[in-house]
Amino acid sequence: MAAFALVLAPLLLLLAIPAAAPARATLPAAAVGPTAGTLGCRLYFNDAGTGSSPTVWQDTFTLTQSPAAPKVGDTVTVTLTAKTGPDNGPVGLNAGDVPVNVTLALGGSLSGSATLRMSSYPARAVAPEAPLGPITTTGTYFASAAGAATLTVGRVTFTNASATTHCSAAGDRDHKAAPVPTSIVESFTVGGTGTATPPPSPSPSATPSPSATPSPSAKPSLSLPSSATDDPPTATDEVDTPAQPFGPKSVKLNCKTLSSLSSWTATHTLSMSPSNPGRGAKVTVRLKFSAGPKSGPVPVGAGDLVPKATVKVGGVGSGTVNLRGPAYGAINPNAVLPGATLTGTYTTSKAGLVSLTVTNIVFDHPQVDTECNAGADPVTGPAATSIVAKFTVKSRAATGDESEGGGGGNGDGSLPNTGEGGVTALLLLWSSAVLLLGVGLVVVLPRRRGIPRS
């Protein structure tokens, strides 16, 4: 999606899947396909809440696996395709703006789930209201037991930096928290006898339950797994799950200095390291942004200005991480300022998907602060930005290297003295709190405001 649209019109960021249309009759439980299907979808801002803007997605789906007749012990590749994909919303999208994830439930002689992915979607830039194009998602699962089995598409998720769309069986509901399995089902038989234990390093898209040994006559289990797990840490390492850093993308934010409102546009990148840690790991969060607008009409002394930011931890995590960059050098009046890198750390807890959302950026000055976020009035009505990154915490305990590191842990509000050199943009900074209004000179002695709000 065009970067400027991400801030100017948050509602336009959302993947409008697709325009509402009368639901067609759902076909009987599908085999391999191609088969017509109808899914219901809802929109989630920053993947939070219960969803809004219910829509209907009708398409032709094909679900296949290789080998088509797996045997006990096989690692099976599964592919789900959609012929046309959903329709785009009222604003154009760039190629790769909306990755697709599909959750499959394994049933019958198999248990657990598998995740299919299309990491770059759409394949090309798409104009407003146009079809996003064909979808091909792939993933794997481990054939752990012989007998009659099923693969059921439970949920399809379209992710975006500022909004996520979750889809499941036709109908309007909270498709994220309470998805209903779709009618896209493949029935087959796992050959061989007995059961098998998955290899130590399973496919990153499969989460079978090797301890379960259901009989071939067991009923299919169509429940969808939670994104978090409270299982105790294990010594077995897990395959890395690709992180979803934000950017580099251009973002427009609103800023306020005293009573003055302005806008600020820069290219932002939000990342984390390590990107697939264990529980109890120290994770470094890094926000980098490019050159900004000019400073105010008076000079700023060296060391007087410090860039700070607040990042909200969501998903299976909670709390905030406070980021800080180095103090700036002397700034000339009306200077075009270069970018900066802000860093901070926190400690992971539960295993599962973690989201990081920049909620506020502050240029901290001894007398006058400038606050920037997505709110129309960034001080009295702050709003979280569209700068959102995600990563997955493994169920194992953190390694020694992951446990090391200083700075603010657990989002405790500490401000580590880390980061790279550089200066950031300040829309309106009035040194010594001098405001030039018209032809008059007004001297203001404001009380110092606090550091970034959460």
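A disulfide is a pair of cysteine sulfur atoms within 2.5 Å. The model used in these exercises is predicted.

**Exercise 1. Find the disulfides and describe each one.**

Step 1. Count them. The structure holds two disulfides.

Step 2. Take the pair of cysteine 41 and cysteine 167. Their sulfur atoms are 2.1 Å apart, and the cut-off is 2.5 Å. The S-S torsion of cysteine 41 and cysteine 167 is about 110°, so this disulfide is right-handed.

Step 3. Place the two ends. Cysteine 41 sits in strand E1 (residues 35-45) and cysteine 167 in strand E8 (residues 163-169). The pair links distant parts of the chain, 126 residues apart.

Step 4. Check burial. Buried means under 20% relative accessible area. Cysteine 41 has 1% relative accessibility, so cysteine 41 counts as buried. Cysteine 167 has 0%, so cysteine 167 counts as buried.

Step 5. Turn to cysteine 255 and cysteine 372. Their sulfur atoms are 2.1 Å apart, and the two form a disulfide. The torsion about the S-S bond of cysteine 255 and cysteine 372 is about 110°, so this bond is right-handed. Cysteine 255 belongs to strand E12, and cysteine 372 to strand E19 (residues 370-373). The two cysteines are 117 residues apart and link distant parts of the chain. Both cysteine 255 and cysteine 372 are buried.

Step 6. Write the pattern. With the bonded cysteines numbered in sequence order, the pairing is 1-2, 3-4.

**Exercise 2. Work out which residues and strands build the largest nonpolar core.**

Step 1. Start with the members. The largest nonpolar core has 38 residues. Trp264, Leu270, Leu287, Tyr346, Leu356 and Ile361 touch the most other members.

Step 2. Map the core to strands. Among the elements that give two or more residues are E12 (246-257), E13 (260-273), E14 (282-289) and E18 (351-364). E18 gives the most, with five residues.

Step 3. Look for another core. A second, separate core has 34 residues, including Phe61, Val102, Leu132 and Phe188.

Step 4. Inspect leucine 287. Neighbours within four places in sequence are set aside. Leucine 287 is then in contact with residues including His268, Leu270, Ala309, Leu323, Leu342, Val358 and Ile361.

**Exercise 3. Describe the setting of valine 285.**

Step 1. Locate the residue. Valine 285 is in strand E14.

Step 2. Test burial. Valine 285 has 0% relative accessibility, so valine 285 counts as buried.

Step 3. Compare sequence and space. Serine 271 is 14 residues from valine 285 in sequence. The C-alpha atoms of valine 285 and serine 271 are 6.0 Å apart.

Step 4. List contacts beyond four places in sequence. Valine 285 is in contact with Leu270, Ser271, Val311, Val321, Leu323, Leu342, Thr343, Gly344, Tyr346 and Leu356.

**Exercise 4. Classify the aromatic pairs that involve phenylalanine 158.**

Step 1. Note the total. The structure holds five aromatic pairs.

Step 2. Classify the pair with tryptophan 57. Tryptophan 57 and phenylalanine 158 are 5.3 Å apart, centre to centre, with 70° between the planes. Planes over 60 degrees apart count as edge-to-face, and this pair is edge-to-face.

Step 3. Place this pair. Tryptophan 57 lies in strand E2 (residues 52-66) and phenylalanine 158 in strand E7 (residues 145-159), 101 residues apart. Tryptophan 57 and phenylalanine 158 are buried.

Step 4. Classify the pair with tyrosine 121. Tyrosine 121 and phenylalanine 158 are 6.4 Å apart, centre to centre, with 50° between the planes, and the pair is tilted. Tyrosine 121 lies in the loop between strand E5 (112-118) and strand E6 (135-142), and phenylalanine 158 in strand E7, so the pair ties together parts 37 residues apart in sequence. Tyrosine 121 is buried.

Step 5. Assemble the cluster. Trp57, Phe61, Tyr121 and Phe158 form one aromatic cluster.

**Exercise 5. Find the cavities and name the lining of the largest.**

Step 1. Count. There are two cavities of 30 Å³ or more.

Step 2. Size the largest. The largest cavity has a volume of about 50 Å³.

Step 3. Name the lining. The residues are Trp57, Phe61, Leu80, Thr81, Ala82, Val100, Val102, Ile135, Thr137, Val156 and Phe158.

Step 4. Assign elements. E2, strand E3 (75-82), strand E4 (100-108), E6 and E7 give two or more residues to this lining. E3 gives the most, with three residues.

Terms used:
Residues numbered from 1 in each chain as written. Predicted model: local features only at pLDDT ≥ 70, side-chain atom pairs only at ≥ 80, totals over all residues. Heavy atoms only, no water. Core = buried A, V, L, I, M, F, W, Y, C linked by side-chain atoms within 4.5 Å. Buried < 20%, exposed > 50% of the residue type's maximum accessible area, 1.4 Å probe, protein only. Helix = DSSP H or I, 4+ residues; strand = E, 2+ residues; numbered from the N terminus. Contact = heavy atoms within 4.5 Å. Phe/Tyr/Trp six-rings, centres within 6.5 Å; stacked < 30°, edge-to-face > 60°. 1 Å grid on protein atoms, 1.4 Å probe; cavity = no way out; pocket = protein on both sides within 12 Å on 5 of 7 lines; lining within 4 Å. Points joined across faces, edges and corners; volume = space filled by probe spheres on them.
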